[in-house]
Every structure is written in C-alpha cells, then in structure tokens.
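User: I should like to learn how to read the features of a protein model. Could you guide me through the one shown here?

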Amino acid sequence: MLVLSRKVNENIVIDGRIVVKVVRTEGNFVKLGIEAPADVPVHRQEIYDEIQKNNQAALSTGRPAAPRLPATKAQAKTTERPPETKTPEGPP
C-alpha cells in the first residue's frame with residue numbers, strides 16, 4: 001500500500017484520469033473530493049462490499065437454466081447427415 005501525506009487543497013492523481021483532493025479536515029475526519037470519468041465507479045468501502053455481496057448472492061441463487069426451445073423441422077433437416085453413398089473405385 002502506498003501511503004501519501006497531503007495537506008488541504010493538495011491532490012493525488014491516479015492513472016492520469018482520477019484526481020483525489022483533500023478538501024478539509026475536521027478532527028479525525030478527512031473530507032475528500034474525487035474527480036473521475038463517468039465510467040469509473042467510485043464507492044465507499046462499505047457500499048462496494050455490499051454490492052459485491054449482492055452480486056455473489058445473485059450468482060449463487062438456484063435459478064433453473066432457461067429451457068431450450070425445440071428444434072424446428074428446418075433446423076432438424078440441416079443438422080441431419082445425408083446417407084453415405086459408395087462411389088466406384090478406379091475407372092469404370
């Protein structure tokens with residue numbers, strides 16, 4: 001883990017796209033401002049953990065697989081192999 005010291009109004013830049021700014025300090029609390037592109041999710045740790053827990057629960061629910069549709073006659077014909085025919089060997 002990288003540990004950095006910053007004063008109020010100083011920034012940290014991550015990947016050239018994310019800026020974390022120390023907005024103010026209040027006793028034991030630090031107020032941070034985060035500028036990030038819209039495609040980068042930013043969450044507090046407890047919210048992120050809850051999202052991960054819910055995603056895992058959704059994956060592990062015993063939902064039955066979607067039923068397969070029966071093949072149509074046209075599909076069945078294209079998957080059938082034609083009967084093999086023997087060809088004469090050598091010249092007639």
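Analyst: Let us begin with the salt bridges. This is a predicted model, and the count of salt bridges in it comes to five.

User: What is the general idea behind such a pairing?

Analyst: Side chains of opposite charge can pair when their charged atoms come close. In this structure, one of the cases joins Arg17 to Asp15, with a distance of 3.5 Å from N to O. This pair counts as a salt bridge because the cut-off is 4 Å between a side-chain nitrogen of Lys or Arg and a carboxyl oxygen of Asp or Glu.

User: Are Arg17 and Asp15 buried or exposed?

Analyst: Arg17 has a relative accessible area of 41% and is partly exposed. Asp15 reaches 62% and counts as exposed.

User: Which side chain does Glu46 meet in a salt bridge?

Analyst: Glu46 meets Arg44, at 2.6 Å from N to O. Glu46 is partly exposed, at 47% relative accessible area, while Arg44 is exposed, at 53%.

User: Where in the chain does the salt bridge of Glu50 and Lys53 lie?

Analyst: Both residues belong to helix H1, which covers residues 45-60. Glu50 and Lys53 are three residues apart there, so about one helical turn separates them. The closest N and O atoms of this salt bridge are 3.7 Å apart. Glu50 is partly exposed, with 37% relative accessibility, and Lys53 is exposed, with 53%.

User: How should I read the overall order of elements, and how many helices and strands are there?

Analyst: One lists the elements from the N terminus on. The protein has two helices and three strands, and the order is β-β-β-α-α.

User: How do the strands pair, and in which sense do they run?

Analyst: One takes the strands two at a time and looks for the bridges that join them. Strand S1 (residues 11-14) pairs with strand S2 (residues 18-26) in the antiparallel sense, over four bridges. Within this pairing, Asn11 has Lys21 in S2 as its bridge partner. S2 is also joined to strand S3 (residues 29-35), by seven bridges, and these two strands run antiparallel. Here Arg24 stands opposite Lys31 in S3.

User: What lies between the strands of each hairpin?

Analyst: In a hairpin, one reads the turn that links the two strands. Three residues lie between S1 and S2, and Asp15 in that turn has a positive phi of about 60°. Asp15 is also the residue whose side chain meets that of Arg17 in a salt bridge. Between S2 and S3 there are two residues, and Gly27 in the turn has a positive phi of about 60°.

User: Which residues form a nonpolar patch on the surface?

Analyst: The patch is made of Val30, Leu32, Ile34 and Val42, which together have about 350 Å² of accessible area. Leu32 lies in strand S3.

User: How much of the protein is buried, and what is its accessible surface?

Analyst: Burial is read from the relative accessible area of each residue. Of the 92 residues, 4% count as buried, because a residue must fall under 20% relative accessible area to be placed in that class. The accessible surface comes to about 9300 Å², and carbon and sulfur atoms account for 56% of it.

User: What share of the contacts comes from residues 24 or more positions apart?

Analyst: Among contacts with a separation of 6 or more, residues 24 or more positions apart account for 0%.

Conventions. Residues are numbered from 1 along each chain as its sequence is written. This is a predicted model: local features need pLDDT of at least 70, side-chain atom pairs count only at pLDDT 80 or more; totals for chains, interfaces and linings use all residues. Side-chain values use heavy atoms; hydrogens and water are left out. Two strands pair if DSSP finds at least two bridges between them. Patches are made of residues with over 30% relative accessible area and no salt bridge: like charges are joined within 9 Å, nonpolar side chains (Val, Leu, Ile, Met, Phe, Trp, Tyr) within 5 Å. Accessible areas come from the Shrake-Rupley method with a 1.4 Å probe; for residues, only the protein chains shown count as cover. Buried means under 20% relative accessible area, exposed over 50%, partly exposed in between (1.4 Å probe, protein chains only). Contact means heavy atoms within 4.5 Å.
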